[in-house]
Structures are given as C-alpha cells and as structure tokens.
Amino acid sequence: MTTFHRTVSTYRSGARTMPREQYTSPAILAEETERVFARHWNCVGRVNRLAKPGDYIVREIAGESLIVLRDRGGELRALFNVCRHRGTRICRETHGQFSETIQCPYHAWTYATDGHLIGAPHMQDVEGFEKKDHPLHSAAIAEWEGFLFVNIADDPQPFADWFAPMLRRLERYNIAGLSVGHSVAYDVRANWKLVFQNYSECLHCPMIHPELSTVLPYQSGANDLVDGPFLGGYMEITQPNESATLSGKACGRLVSPTLGDDDRRRAFYYTLMPNLMLSIHPDYVNYYLLTPVSVDHTRVESEWMFHPSNEGDPSFNPQDAIAFWDVTNRQDWDICEQSQLGVSSRRYEPGPYSPRESMPAAWDRFYLAMMDGTH
Ligand code: FES
Ligand SMILES: [Fe+2]
C-alpha cells in the first residue's frame, strides 16, 4: 500500500538552498561528473529506438561516448565508443544500424555487435596478441518500463538494488507499452540542478504557469517518495478537466484501460536521480533527460508517449498535450535561466526553503550525500 505525505508534512525546518559555487564552479561540475553521473544509472531513452538487431544510438554519459545497441543475438548492450587499437572514437553518428559488425574507421579493427574483436589487420604478426583480449569495453545496461539505463562504473551497483523503490511502483500505467508521439530537445542556460529543483515544486506555478495552475492547483496532491534518489507524488486534476492539456480534455485513450478512479484524476511527477524527470497523466506520459553541458548550460531532451491504440482514431489530439507542456517547459526554462543569473551573483547567499518546497530540499539532500560520498 502506497503512503502519501502532504508536502508540508515532509518539510524539515532550517532547509536552505545551496551556495553559489554549486551552480557556477567548473570544479564542482567535474566532481559531479565523477560522483553523480559516472557512478549511477543514467537513463538513455526508450528501448523502441533499438527495435531490430544492429540498431544503435550513441549517448554521452559523464563525458564518455557510449554505443547503446541491440546486438545480432538480440541482447541490449552498452559499449564504450573507444577503439581497442589506438583509442579512436568509432561511431560519429547519433544513431543508426550496424549491418553485421562495428568497424573502426581508422585502421579497420572490426568488432562483432556484442563487442568482441573479430578483425585486426597485421596483428597476427604481433607476438602474444590475442583478439579475445581486446573486446570493446562494456558498461552495465538495464531496462525498466521501456526506459534504458546505463551505468559506466567499473563495479556498478546492481540496477535492481538501486531502483528498488521504483521497480513495481508504476506497473499499472503500462509505460512499457506506450509509443513515442513527439520528441524535442531544449537548450537551457542554467545549471542542471536548477532544472531538477524547479521541477520538484509547484510553489512557482501560479506565478510562472497561469495556464497550468487552473488544471493542477499547486496546493493539491501529496508525495509518495519523500527521501532518497527518487522523489515525487501526484497533483489533482481539477474537475471538469480530464487531463493536463490546453483544452482540459483527455487527448486520447487512457495509457492503461485498467487505471483506477484515483489515478484517472491524478498526475504524477517524479525526479529520478541522476538525469530523469517523469510526468504521468491518465492519457499520456512525458519525460525529460538532462545532460549538463557546462555549469550554466543543460541539454534537456523530452518525449511524449501515448497508447498505441490511439493511432488512426480521429478524436486523438496529441497536440493538446504536447503544446500544453511545450508552453509550460519554456516558462520553466526561462525562470531557471533567471535563477542561474541570480545565483551567480556575488551577493547571492543560500535562502530559506518554505514548507511547500520540501521536495527540492529533499533533492538537494540526496545530491549532497552523493557528493560527499555517503551515497
Ligand atoms: S584506432 Fe581503431 S583501428 Fe586503429
Ligand atoms: Fe514549472
């Protein structure tokens, strides 16, 4: 049974925002790259991108380039995009399909799609050289609800341990069965943590999102994850609205026909450390992947997903949900950019969080625990 907590009940008095350096220091970003991104499970998008054997996408995690693919045998794999000959980056494209093998463009070392080396010109003349000693380096990969996660650590924590609070939590929503209806990428001129913090509270909603506030009142709802790497809960969709859309009507069929009455009136919002924000509505699910580019620049990739049975239905109106969040997202990015400018001031100092900001405060606590090595 899920327990829900009102936001104000999880407030810890004395909570304050983080110091200026956290948002401006390249040294801190370098530390985050090691402690947060290089050691944890990063979401790399939807498995539907890898439908057929040989399909691949290239993703960046902690400054590393990874080839994420379905090998010829059908297994999902994540391989470092680094040739075992002289280290050259192998793939330049962001996605594609390997016909049979992966070949380095420099001296033609050739790998099977599972990463093992099958061809290395003239290396047979090198004493002691064994192809089996030079496979592409691999990273750990896991799948959850149609999302792919990669962990580049040498000794990664098992996904099922790390992800335990989330594993079965959203099963009823059938997220694995949804199809992507729209994709967009945003460049936000703000630190990646400001984007997470902003997503974690709706205290700003009446000011920043007048359209959204009529559908999702900021004082409604409660949280079911209030501590740790995964945080969030739901907001009530105000009647007679059916969903978070521009018209207030559902844009299509339920994401799962078996959703209960409560879920049909709720929208759930979760932050999943270190790089995923997940928004769940009765009729669609949208998500955001965050990649820090620099201390004041974050790449945000977002997709909207719908039930596949909407295809061909004349009443299906995905644009109603897409436009609703596209407008809202841009309002959020704009205020995050203003935050970045302000927290970069030499006069900025940590300010007090209110009881309605217990979630960004909890997000900061877990982030700081990752940074000081206690998590
Ligand atoms: S660096 Fe890849 S084949 Fe030489
Ligand atoms: Fe917002």
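# Close-up views of a predicted model

**View 1. The second largest cavity and its lining.** The lining residues here split into ten nonpolar, one polar and no charged. What you're looking at is a predicted model, so keep that in mind for every view below. The second largest cavity comes in at about 30 Å³. Its walls are made by W41, C43, F149, W162, F163, F230, L272, M273, P274, N275 and L276. The count of cavities of 30 Å³ or more is two, and the other one gets its own view further down.

**View 2. A cis bond at M273 and P274.** Two of the residues lining the second largest cavity, M273 and P274, are also joined to each other by a cis peptide bond, with omega about 5°. P274 sits in the loop that runs between β14 and β15 (276–280). For background, most peptide bonds are trans.

**View 3. Another cis bond, at Q239 and P240.** Here the cis peptide bond links Q239 to P240, and omega is again about 5°. P240 belongs to the loop between β13 and α7 (261–264).

**View 4. The iron site.** Which residues hold the iron ion (ligand 2)? On the protein side, the donors are NE2 of H204, NE2 of H209 and two OD entries from D332, at 2.0 to 2.6 Å from the metal. Along the chain, the donors of the iron ion (ligand 2) follow the spacing H-x4-H-x122-D. H204 comes from the loop between α4 (192–199) and α5 (205–208), and D332 from helix α8 (residues 318–343), so this pair ties together distant parts of the chain, 128 residues apart. Both H204 and D332 are buried.

**View 5. The angles at the iron.** Why is the arrangement around the iron ion (ligand 2) irregular? The angles subtended by the four donor atoms run from 55 to 150°, and that spread is what makes it irregular. To pass as tetrahedral, four donors would need all their angles between 85 and 135 degrees. If you want an ideal to hold it against, four tetrahedral donors would sit at 109.5 degrees.

**View 6. The largest cavity.** The space in this cavity is about 520 Å³. Some 36 residues line the largest cavity, and those nearest its centre are Y199, S200, E201, C202 and M235. Two or more residues of the lining come from each of α4, β12 (222–225), β13 (230–236), β14 (266–272) and α8. Which element gives the largest share? That would be α8, with six residues. By class, the lining of the largest cavity has 20 nonpolar, 13 polar and three charged residues.

**View 7. The second largest pocket.** Now for an open site: the second largest pocket has about 360 Å³ of volume. It has 17 lining residues, with T17, L194, Q197, E201 and S339 nearest the centre. E201 may ring a bell, as it is one of the residues nearest the centre of the largest cavity. The elements giving two or more residues to this pocket's lining are α4 and α8, and α8 gives the most, four residues. Sorted by class, the lining of the second largest pocket comes out as nine nonpolar, six polar and two charged.

**View 8. The largest pocket.** Its volume is about 620 Å³. Of its 29 lining residues, V58, R59, E60, T94 and E301 are the closest to the centre. Strands β1 (42–46), β2 (55–61), β3 (64–70), β11 (179–188), β16 (285–294) and β17 (297–306) are the elements that each supply two or more residues to the lining. Count the lining of the largest pocket by class and you get nine nonpolar, nine polar and eleven charged residues.

**View 9. Two alanines with positive phi.** A62 has phi near 50° and lies in the loop between β2 and β3. For A108, phi is near 70°, and this residue is in the loop between β6 (101–103) and β7 (110–112). Are these alanines buried or partly exposed? A62 is partly exposed, at 23% relative accessible area, and A108 counts as partly exposed too, at 28%. As a reminder, most residues other than glycine have a negative phi.

**View 10. T7, ahead of the helices.** T7 is part of the segment before α1 (21–24). It counts as buried because its relative accessibility is 13%. Setting aside neighbours within four places in sequence, the residues T7 contacts are N223, P355, R356, E357 and S358. From T7 to E311, 304 residues along the chain, the C-alpha atoms are 38 Å apart.

Methods:
Residues numbered from 1 in each chain as written. Chains lettered and ligands numbered in written order. Predicted model: local features only at pLDDT ≥ 70, side-chain atom pairs only at ≥ 80, totals over all residues. Heavy atoms only, no water. Donors = N, O, S within 2.8 Å, 3.2 Å for Na, K, Ca; no water. Tetrahedral: all angles 85-135°; square planar, octahedral: opposite > 155°, others 65-115°. Buried < 20%, exposed > 50% of the residue type's maximum accessible area, 1.4 Å probe, protein only. Contact = heavy atoms within 4.5 Å. 1 Å grid on protein atoms, 1.4 Å probe; cavity = no way out; pocket = protein on both sides within 12 Å on 5 of 7 lines; lining within 4 Å. Points joined across faces, edges and corners; volume = space filled by probe spheres on them. Nonpolar A, V, L, I, M, F, W, Y, C, P; charged D, E, K, R; others polar.
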